[in-house]
Amino acid sequence: MPSRLPPLNALRAFVAAARHSSFRLAAEELNVTPGAVSRQIRSLELFLGIALFDRSQRQVRLTEAGARYFTRIADLFTEIQQATDTLLDGDGRRTLRVDCIPTFAMHWLLPRLPLFQQRFPELAVSLSTAPGPIDIGRPFDYAIRRDPAHFAGLKPLPLMREHCVPVCSPSLPGLETLRSPADLTRRTVITIRARADLLPAWSTAHGLELDAFRSRMEVDHTYFAIQAAEDGLGVAIVPRLFVERPLETGRLTAPLGAEGVVSGHYYLLESRQRGHTEAPAFPDWLREQAAAASTQGR
């Protein structure tokens, strides 16, 4: 009996296009042209004899049959990737896939991962980062997010609070005059475009009006704010958990105290994908590390 398995490349194109609802975004993921994605999907539709996408509108949409097909085979691709990871590991370790916010991964999670690997050598961590909503179409076991709009319908498990704090270079001219929150209104304040909530949260907690901060320097991301503060360009309002090392090594100082004010919360989310790696040791370890970091920041 002849095989009824469709071409793998056509299936990959279909899954990517279905996940993004876009041939263009699928092409970017697969590193091919949108035309190539369209041709692969057309060949799959010819193979099946069924229309998988409705192309009558500007945004491609799955047909009812296409949606049913995607639901069935998306998990199979996840299992194929898991089997491949296990084979390539070659040492019998289970791969734990963690999807995390880039800044949190860079400044908080990565410095602590060696401790996790030492304690749980049977688990190999594969870390990916993304700033926006969780992409439930991509394989993952655990995700870390801050914004509830990015939870993708998954149940959030509280992980830790975020506190924002003013930091600057210990060699900043006139540092000795920074003795109260009001003193900060007379200095250049470095703010983060991607975290426009931080200065309002800090100023409100100290009874200050935003208009009082007349000299500001705005940068795109937390990394640049930290670097600008280290270079003596002003006082940055940043999440304390991202400046633990600079504060410990003396590259930065917190002139008004390191406690800060609450500016958000981080949550752990567990995948509901079929066959995902369950490792209770990871969330337990994360909560342990979060509790320790909270104690040190007081």
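## Salt bridges, a helix face and a crossover

The side chains of Glu288 and Arg119 come together in a salt bridge, 2.7 Å from N to O. Keep in mind that this is a predicted model. Here are some exercises to work through with it.

### Exercise 1

Work out which helices the Glu288–Arg119 pair ties together, and how exposed the two residues are.

**Solution.** Start with the location. Glu288 sits in helix H9 (residues 281-296) and Arg119 in helix H5, so this pair ties together parts that are 169 residues apart in sequence. Next, look at accessibility. Glu288 has a relative accessible area of 37%, so it counts as partly exposed. Arg119 comes out at 42%, so it is partly exposed too.

### Exercise 2

Find the salt-bridge partner of Glu244 and say whether that partner is buried or exposed.

**Solution.** Step one is the partner: Glu244 forms a salt bridge with Arg112, and the closest N and O atoms are 2.9 Å apart. Step two is the placement. Glu244 belongs to helix H8 (residues 244-249) and Arg112 to helix H5 (residues 102-119), so the pair ties together parts 132 residues apart in sequence. Step three is the accessibility. The cut-off for buried is under 20% relative accessible area. Arg112 has 10%, so it is buried.

### Exercise 3

Take Arg186 and Asp183, and classify each one as buried or exposed. Then place the pair among the salt bridges of the whole structure.

**Solution.** First, the contact: the side chains of Arg186 and Asp183 meet in a salt bridge at 2.4 Å, N to O. Now the accessibility. Arg186, with a relative accessible area of 59%, is exposed. Asp183 is buried, at 13%. Finally, zoom out: searching the whole structure turns up 16 salt bridges. Some link up, and Arg19, Asp135 and Arg138 are joined in a network of them.

### Exercise 4

Show why the buried residues of helix H2 line one face of the helix, then look at what sits at its two ends.

**Solution.** List the buried residues of H2 (residues 23-30): they are Phe23, Ala26, Ala27 and Leu30. Look down the axis of H2 and these buried residues fall within an arc of 105°, so they line one face of the helix. What does that face pack against? The buried residues of H2 pack against helix H1 (8-20), helix H3 (34-48) and strand E1 (53-54).

Now for the ends. Ser22 caps the N-terminal end of H2, with a side-chain oxygen 3.2 Å from the backbone nitrogen of Arg24. Just after H2 comes Asn31, which takes a positive phi of about 60°.

### Exercise 5

Trace the path from strand E7 to strand E8 and give the handedness of the unit.

**Solution.** Begin with the pairing. E7 (residues 189-192) and E8 (residues 216-219) run parallel and are joined by four bridges. Pick one residue to check: Val189 has Arg216 as its bridge partner in E8. Then add the connection: E7, helix H6 (residues 198-205) and E8 make up a β-α-β unit, and it is right-handed.

### Exercise 6

Sketch the whole chain in a few numbers: secondary structure, span, burial and contacts.

**Solution.** Count the elements, and you get nine helices and ten strands. For the span, the C-alpha trace runs about 85 × 45 × 30 Å along its principal axes. On burial, 43% of the 298 residues are buried. Last, the contacts: of those with a separation of 6 or more, 74% are between residues 24 or more positions apart.

Notes. Residues numbered from 1 in each chain as written. Predicted model: local features only at pLDDT ≥ 70, side-chain atom pairs only at ≥ 80, totals over all residues. Heavy atoms only, no water. Pairing = 2+ DSSP bridges. Right-handed = clockwise from strand over helix to strand, strands pointing away. Buried < 20%, exposed > 50% of the residue type's maximum accessible area, 1.4 Å probe, protein only. Arc of directions from axis to C-beta. Contact = heavy atoms within 4.5 Å. Polar contact = N/O pair within 3.5 Å; in protein donor to acceptor, adjacent residues only side chain to side chain. Salt bridge = Lys/Arg side-chain N within 4 Å of Asp/Glu carboxyl O.
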